[in-house]
Amino acid sequence: MRQEIRHCWRLWNDRLNGMTFHHATGPLERCSAVGLTQPIMPSDFFENKITNITRGAALLDDGLIGANRTWSFWHRVSRPNAANGFLPGRNIVKGKLVALSGGGLCQLSSMVYHLALLGGLTVLERHSHSLDIYEEDQRFTPLGADATVVWGFKDLRLHNPHPFPVAFGFRVERNRLIGELLSDSNLTARHVEFVRVNLKRPWIQVNTMVNQRLQVSTVYEQKQGLQTVT
């Protein structure tokens with residue numbers, strides 16, 4: 001109920017501010033693309049995570065963002081419940097790992113965020129995780145490349161500043177998530193780095209650099225080995 005109320009509030013606030021999102025779909029003739037491939041790592045609720053990421057990838061696949069248009073993760077995916085094809089999976093909530101419907105979608109939203117940086121899209125809204133729970137050999141994406149999403153509360157929103165449309169392409173193959181940002185015009189990949197700055201334990205800072213310019217600084221609390229609460 002709380003999430004529904006918050007979701008309705010956000011819809012009202014978007015309308016009040018004239019915020020609209022592009023919902024068109026359709027493949028672009030491939031001229032240029034930036035791409036990423038990530039392993040889907042074993043974890044609690046692994047099979048459910050595969051299902052959730054596969055379902056989310058299908059909902060985002062071929063999603064167009066027109067020139068000078070905006071895009072929203074939740075406006076594309078909609079509510080991550082059973083009626084929409086999602087299963088319980090692992091989520092970080094208030095510093096704990098718990099099982100909630102749609103768990104695992106943050107890997108998909110994180111890949112969207114990373115592709116947006118590579119493709120020169122403007123990030124309007126992005127939320128990092130508060131905790132870093134992974135050992136180095138468990139990471140599916142660099143620390144700092146994450147974008148958590150929570151229905152009704154936290155979204156990932158992008159703007160396409162290019163004078164041509166772009167489209168996302170996603171698929172899951174053999175426990176790997178494959179994503180591309182496609183264009184039928186010349187899309188030049190940016191140079192993206194995630195530079196760590198050590199702070200007093202347990203904190204660590206990551207500076208996200210795009211073409212050697214600071215995009216954002218993110219601070220995480222390190223809690224490797226955190227277990228799911230059942």
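In this predicted model, begin at the second largest pocket, whose lining comprises 7 nonpolar, 4 polar and 4 charged residues. The space enclosed there amounts to about 240 Å³. Select Pro42, Ser43, Arg90, Tyr134 and Gln138: of the 15 lining residues, these lie closest to the centre of the second largest pocket.

Proceed next to the largest pocket, with a volume of about 1200 Å³. To find its centre, select Asn91, Ile92, Cys106, Thr148 and Val150, the closest to that point among the 47 residues of the lining. Then colour the elements that each contribute two or more residues to this lining: helix H1 (2-16), strand E4 (88-93), strand E5 (96-101), helix H4 (105-118) and strand E7 (131-132). Strand E4 supplies the largest share, with 5 residues. Colouring the lining of the largest pocket by class gives 20 nonpolar, 17 polar and 10 charged residues.

The tour now turns to strand pairing. Select strand E9 (residues 166-173) together with strand E2 (residues 63-65); the two run antiparallel and are joined by 3 bridges. Within this pair, Leu64 is placed opposite Ala167 of E9.

Keep E9 in view and add strand E10 (residues 176-183), with which E9 forms an antiparallel pairing over 8 bridges. Here Val172 faces Leu177 of E10 as its opposite residue. Finally, centre the view on Arg174: in the hairpin of E9 and E10, which has 2 residues between the strands, Arg174 adopts a positive phi near 50°.

Definitions and conventions:
Residues are numbered from 1 along each chain as its sequence is written. This is a predicted model: local features need pLDDT of at least 70, side-chain atom pairs count only at pLDDT 80 or more; totals for chains, interfaces and linings use all residues. Side-chain values use heavy atoms; hydrogens and water are left out. On a 1 Å grid over the protein atoms alone, a cavity is a set of points where a 1.4 Å probe fits but cannot get out, and a pocket is an open set with protein on both sides within 12 Å along at least five of seven lines; lining residues have an atom within 4 Å of a point. Grid points are joined across faces, edges and corners, and a volume is the space filled by probe spheres set on the points. Helices (H or I, at least four residues) and strands (E, at least two) are DSSP runs, numbered from the N terminus. Ala, Val, Leu, Ile, Met, Phe, Trp, Tyr, Cys and Pro count as nonpolar, Asp, Glu, Lys and Arg as charged, and the others, Gly among them, as polar. Two strands pair if DSSP finds at least two bridges between them.
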